[in-house]
Structure formats: C-alpha cells, structure tokens
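Thanks for making the time this morning; I would like to walk you through one structure, and please stop me if anything is unclear.

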Amino acid sequence: MKRLRERDHALAEAARSADLARAGEGRWLLLHGDTGTGRSALLAEVVRRESAAGRMHTLPTHCGPGEARYAHSLGRRLFPGAEWLPFGELPPTEEQLLFHRLTECLASLAARQPLLLAVDDIHYADAASLRWIAYLSHRLARLPLLLLLTACTGPERRSTPFPPLAGPELHPDSGSDIPLPRLGPEAVGKLLADKGLHGSHADRATAMGAGNPSLLHALPDGPVTGDPDDLAADARYHAALSRWLNSPASPDRRPIALALSAMVTPRCDRPLIATVAGIPAGQVTPHHIEDLMALLTPAPVREAVRASAEDHELTQFRYRLARALHENGGPAPDIARILLQIPPAGELWTLHALEEAAEHALRAGDLAHAAAILRHVLSGPVDPAHHCALTLRLSSLEMLDLPQAGTRRLRESLQKADCHDPYSVWAALSGALAAQHRPRGTFSTLEESGHTLAGDKRAVARAASAALATQDPHGWPRTAHAIRELMETAPASVEPFACALDTMREAAIGRIDAHTATQRITSRLDRPVDPQLRPGFASIAAAVLGWADQPDQARALIERELPTSPHLVDPTNYAQQHLIAARAAGYRQLGRFQQLIDYTTPILESVQDPAVRLPYLRALTAHAWHELGSPERAWQQLESLGPRPDHAAWTWDEALYMQAGLHLGARQWDRALSTYLACGATPTNQHFVNPVRQPWRAGAAIALTHLGRHPEARGLAEENLRHAHAWGTPRVIGAALHCHGITMEGHRRLDTMLQAVSILRTAPAPTELIEALTDLGRVQITHGQTTKGQATLMEALHRARSLTRPTRSETPEPTPRLMAGIEQVLSEHNGRLRADRTPFSPALTPTEHRITDLAVQGLTNAEICALLHLSRRTVETHLTNTYRKLGITRRTQLAAGLRGRSTGAALSDLTRG
C-alpha cells in the first residue's frame, strides 16, 4: 500500500462500485492520470481485493501500443477462441449486432458470478473496441458487472468522462471517472523518508520526482552521500524518466524537455521554448515549464533527457535553439556552444556566430577553445574564400601549441585546386617553417610553391623569399644577387622592401654607414608598398632606423603597422614577429626594461610548444631581467629555449650573446670570453662586422682585460672601434670608445673615457651612458680627481635610479644592475672619498631632491610645477629648504652644492627615494 499513496479515495470508490455491481447494478469506473501515477498498480489492487474469497469473477486484460490499427482487438483478448470476431471494420448494422453478441457473452458470465472486467491502458484500444466499451456502458444498469478501466491522460486533464479517443463517450449515469493527480508535498516527503533521503538530497529528489510516483520510486534508496545531483545517475531513474517523457498523455512534454536540455542554461522563455521544441507557443503551458525546469536542474538529468533522443532529433533541437538565440541577439559564446554539438550547417549566420565566438575566446585567452571552434567550422561546407581565411587563422593558433598540425594544414590548403589566396597560404607556410627553425624546409617550400604564382604576386613572393632566406646564416650571402636583381626589375610596390632588405644587409656587413642607410630608408617611407610586404618593410626599416640612432622614427613606423600590443604572436606571420621584436628592441635601447618585460611576457607565455621558441624575444626579455637585477630570471628565459638547433637562424645569436653578458655580469671571465668568441664565430657574425647589433668584440675585450690579456683585449677593442666609426652613430662610437678605454691604462684611459661620455651624452643610449659614467668616475677617483669622480658617480647613480623601475614581484625588490655597479664603485673607493669629505648639511628629502635635480637641469619653477603636479608655493618652499641645507643662497649654486655633499649622504638620498 505504500506504493499507492494518496489513492485511498480511488480504492474506496472502486469498492463502492463493486458492491453495487454485486447487487445487480452494473457500474463503470475510469481511473485516469499521467504516466507513472500508479494506474496499473491501482487496477491490480482492486482486482486482488475483489477476487479474494470469490467475491467476484475477474476478467483482467490490457491494451498495448499498436493495437489501434487492428479492429476489435479488445474482443479477441477477452474471447480468444471466438472465431466469429471479424478482423476489420463492419458496417454500422453489423457492428451493432457484434457489440450485442459481445455484451451477451459478458452478461452470461456475470449471471454465474458477479464479474469484474478490468481493462488496463484503454487509451491504446482501437476505435471499434472503444465504441463497444461505450456501448457496454449504456447497458450495465441490470448487470452484475463492474467495468474497471485505466487511461493515460495529461496532468492538465483534472477531470474527463473519457480519454480523448475516437468513439462515443461513456454513459454518465452508470459510472464515474477518478483522476489520479500528482502526489502532494506530504506524500512525497513520507515516500522519500522511507527511502532514507533527507536534507539537500530530499530537496533535489522532490524536484526530480515532479510529484510522479514512478519517478520518485525509481530514485535510489538512502542513505546517500556526496552531491545530491548524483541521484540522477541511477539507471532505474533514467528508465522511468524516459517512460514519463514519452507519455502519450502529454505529447508536448518530450519536445519541451529536449528544448530545455539543449539550452546552455534552461530558462523560462515560452516563445523560445516553443520555437526550439517545434510546437505552437500556446501548447507550452506554465505547468510544463514549472515541472520541467525544476526536474532538469541537475546536469545528469539533462544528460539523461538528451540520451533518450536520437542524434538527428538533438541536431534539430540544437539548430533551432542556436538560430533563435542568434536572431534574438544572444551572446556568440552561448550560440557557439550549441553549434559545436551539431554538424556544421555551412550557413552564413552560423559562420558569423562561430567566428565571433572564436574571437571572444581569443580575447579571453582561451586559445584551445578558439582553435576548436575554427576546426569545427572548417569541417563543414565553406566557400573557398572563407575557407582560406579560416585556415590561415586556425593555423596561426595551432602553431602556438601544435605547430606540426598548423604546418600540415597550410600544406594541404596550398595543394587544393580551389585555394582562394595561394600567396597568403604560401607566405604563412613559409613563416611557419621559419618559426620552427627549419630554414631548409622553408626554402624547399618556396621553390615548390612560389613558381605557381604569377604577375606581381610572383615578385612579391620572390621578395618574401629573400627576406626568409636571411634566416639561414649560410644562405644570406647568396641572397645578395637576388636582392639586387629585385631592386632593378621588381614592380614599384616591391622595390622599397627589396631596398630595405639590401640596406640592412649592407649595413650589417659594413659596406655603408648610418647616414647612407638612413637616407635609403627615409626616402622610401612614403612610397606605396605592396600590402603583403608593408609590415615586413616597416619591421626592417624600423630596425635600421633604430641602429642609426633614430628611435622616434622607428617607433612611429612600428606603431603604424602594429598599433596595439598583441598578447599573441602569430608564428605564421614573419613580419609581425619582427615588428614585435623591433618594438621590444626599442624598449631595450631606451632602457625601458620593465616595459619590455610587461610587453613580451604575455606573448611568450602564449607559445606552448617548444618547437616555436622565439629566441630573439626571449633573449631581449632575459636582458631586461638582467638589467633589473634578476640574473636568475634571465637564465630561466635562456634555458627555456633548450638546445640550439642545427642551422640556427641569426635570432639565436642574440641568446648566445646574452649568455655571455650574464657570465660577464657574474665576473666569470673565462666563460664570458669563450661565449663571446663563440658568438663571433657563428656564421652570421662572421659576416656581420657592424657592432650595432651584437658587439661581441667589446664583450670579449672586457673579459680579456680582467684576465690580464691586455694586448689581445686592445686588439679586439680597436677592431670594434674601427667598425663603429665606419657605421658612425654616437651610440655605437661612444660604447666602442668606452670599451677601448677599459683596455687602456693611465691618462689614455681617462681621456678615452671622457671622450666616450661626451659622445654618449648626444645619443639615445641611457644604459651605455650610465655604464661609461660609472667607469669614468672610478678612473677619475683613481687618478686623484676625487671631487669630479664623486660628481660623476652621483650623476650615474641618479640616471640609473630614474631609468630603472622596480619589478612587480612579491619578493624583495632586487637592485638593478646599473645601480649595483655604481654602489660597488662607491664602496670600493669609500676611504678615498672619506678623506676628501667636507662638512655636510642635513639630508635632502626625496621630494627636495627631485625638485633640486630638475632645477639643476635648467627647468623653471613653472615647468617643475607642471611636471610634478605641485603648486608654485610648494616648489618654492622645497627649494628654500634645499638652499638652507646646502648652505647656498642662489639657484646657480645648486650644482656645486650637490657635488660638495658626502658620498654616503647623497647615496642614501638617492637610493631611498
């Protein structure tokens, strides 16, 4: 009886009707309700009770799915041996005779003993059988017969004289219908308590049961631990859920449930649900949504609902949902999640939605999801132009973590007869091979595919080939002829690129000076360049202008072609990589080391596969960490590159040069020397004599000097200085003079250092200037010029402090390399400075020192106010306090007053500010 909760009224009515039937007053009783409400169990219980002790003769039967196609199937179930039952429909007169004969048979049985005719699932019966049941209900008045029927009706049919089937209705005076509603909260609570479900598990089970006895009984027995949603994983519950969804009583329930389960997040939107379900909006009633929304809350229930559908059904539901969301302006990521679950339709709106979702994933940093979306799009029908563009986009993403897949995709696209843009695919494939440091594969690809291009595109391809050929240090010398030929024969839109490439080559090998190189580049900046070559031209031109001490022009070029800071590098885009590297190199040249790290770190972190290692960018980042006082982080960047590949491109030389610099900074003179010499022995540097890029001779000369091998050191330094003069920029000449001075002795060293500092003051070379000032201050003090040396060191320290910013790390802030070097010199000569010390005034505050420094540089009070965002009165007050502390009375005495302060006090002011 526990399984017949809240069914006492139905049992009581059945008992009353049975009593009347035994008294000779026949009755019919219809028990109707939703699937799983216990109709069959209730019918079985009535049969059991009434057949006990021979109270009634029972004749139980049932109707099954599919019987509606066969006339008089119910009669054949009741009287299987009756050969007089026809197998088809009869004319009305003959049918009435048949109904009369069937009724007489039942009356004959009931005359012997009161009869209970129990028919389960009458809704499955054929139309002729239903007409006979209705005929029988009109002739029960004097028969000792109880006609007990069950029918499946929807939850919205709270009362009905007969299920919505063909045929006349049952006689209203000879019986009644008993609806079997969903269980109430009290019955549900007791049922779940009997199963041992309590608390959150009972709450979840209540929603999953929807008041339906079959669903509730199918839930697993407790005690259950863990996530309440685990209740939905039970196989019995899945089976009961499938029966309930497919109930003939509510044909709209299943499509509505599938529509809700197809949604990313089910929501109560009747028009949307109706559209997805493919039914009229009026058929989506509130009770449908209320019950199903609660029932489908656990993810396992939604999965079970989806599992009950055929693949083609789910595809239709998901397609309609995605289309409806798209038409109503739904978020592209939500639409894409749905479209990814169905085969690509190839329709324009699906392509747009998926591409938008891919871009959204990229902005969110989810490269894998973006790539998955693009792969899905390309697996379906796409027009050639779209297919080519998507292939290029996807291959650039795959190169970050699956470079072989990206390369293979580009090869396959290039081999297609309908390849829409073979040049772009060819260029991307060449860039991909170059990014993987496979120059030989790059060149073979150029040879195989370049000849398929025609007209100007072929000239563009030849220019791009020449640029990519520079990746191979063995192949660069052989490209000179091809570049010159291009300059003479190529279209006007290709010539600037070829000239820039030739200018870089001739500048590197020392054939032209900076002035000539600058003229060549600047004269072509405003000329039209083929769009495919424009980024490459800008990157080469920016590099040459940076070498020529024109950082502002170089930066303007980069900003024009690469206006934003990309968080992703495109390994298939050779020009973009060089633009990124040129921007980072510009930060290094100007001493903006923290800005360089902030710029390169997200780019480097986006590359997941070791095959694409970006050695030049990692070397620049390592240099920045070294300058900020974190050599261990610099080594981490270099070690992440792994072993140097065979036939390595020139970009790997920068990593080798940086290793030598780290050894030099650690005072490992032997290691520094051998690494610098190895850098000079690379195929690239055997041809590149210009020290503007990697002055390895200078580094080796410094290491030789510390090792006491002075003649060798001077020889390399002089050779380095000769090449620097040939190039002719202040930065390169000043740095070479500085190195040359280190290898010299006596007053020649001092004079050379003074000359180096004087030249570097005119160059955009803050790092080189600070290094030269530091060594000059040391030499001045050594030569007895203590006051001058102290002032030089103070200038170097202040410049270093304003140049380097602290790192964004939670660990204690390291001392930048330049400041550490100056402090070391001050520490080494502290005794000599102490002997020459003069009486000192109180220390300046950080604000006083900043204002005083600006005043020494020649800024007016108004200019200082604007720069520091201070009022004029504040600036004047701080300057007055400074005059008092320094013991001076005029602005012109500030510089001398600062030089007269003790090294220790000045160092304290600067370092704590």
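I will go through a helix, then some aromatic pairs, then a few side-chain contacts. Please keep in mind that what you see is a predicted model.

Let me start with helix α30, which covers residues 615-627. At 1.5 Å a residue, its 13 residues should span 18 Å, and the C-alpha atoms at its ends are indeed 18 Å apart, which agrees. As for its surroundings, 13 of the 13 residues of α30 are buried, so this helix is largely enclosed by the rest of the structure. Just after α30, Gly629 adopts a positive phi of about 90°.

Now to the aromatic rings, of which the structure holds four pairs. In one of them, the ring centres of Tyr587 and Tyr599 are 5.7 Å apart and the planes stand at 80°, so the pair is edge-to-face. Because Tyr587 lies in helix α28 and Tyr599 in helix α29, this pair ties together parts that are twelve residues apart in sequence, and both tyrosines are buried. Tyr657 and Tyr676 also form an edge-to-face pair, with 5.7 Å from centre to centre and 65° between the planes; Tyr657 belongs to helix α32 and Tyr676 to helix α33, 19 residues apart.

Two arginines are also worth pointing out. The charged end of Arg253 sits over the ring of Trp244, 4.0 Å from its centre, while Arg633 lies over the face of Trp625, at 4.4 Å from the ring centre.

Finally, is Asp177, in strand β5, buried or exposed? With a relative accessibility of 17%, Asp177 counts as buried, and its side chain makes a polar contact of 2.9 Å with the side chain of His32.

Conventions: Residues numbered from 1 in each chain as written. Predicted model: local features only at pLDDT ≥ 70, side-chain atom pairs only at ≥ 80, totals over all residues. Heavy atoms only, no water. Helix = DSSP H or I, 4+ residues; strand = E, 2+ residues; numbered from the N terminus. Expected span 1.5 Å × (residues − 1). Buried < 20%, exposed > 50% of the residue type's maximum accessible area, 1.4 Å probe, protein only. Polar contact = N/O pair within 3.5 Å; in protein donor to acceptor, adjacent residues only side chain to side chain. Phe/Tyr/Trp six-rings, centres within 6.5 Å; stacked < 30°, edge-to-face > 60°. Lys NZ or Arg CZ within 6 Å of the ring centre and 35° of its normal.
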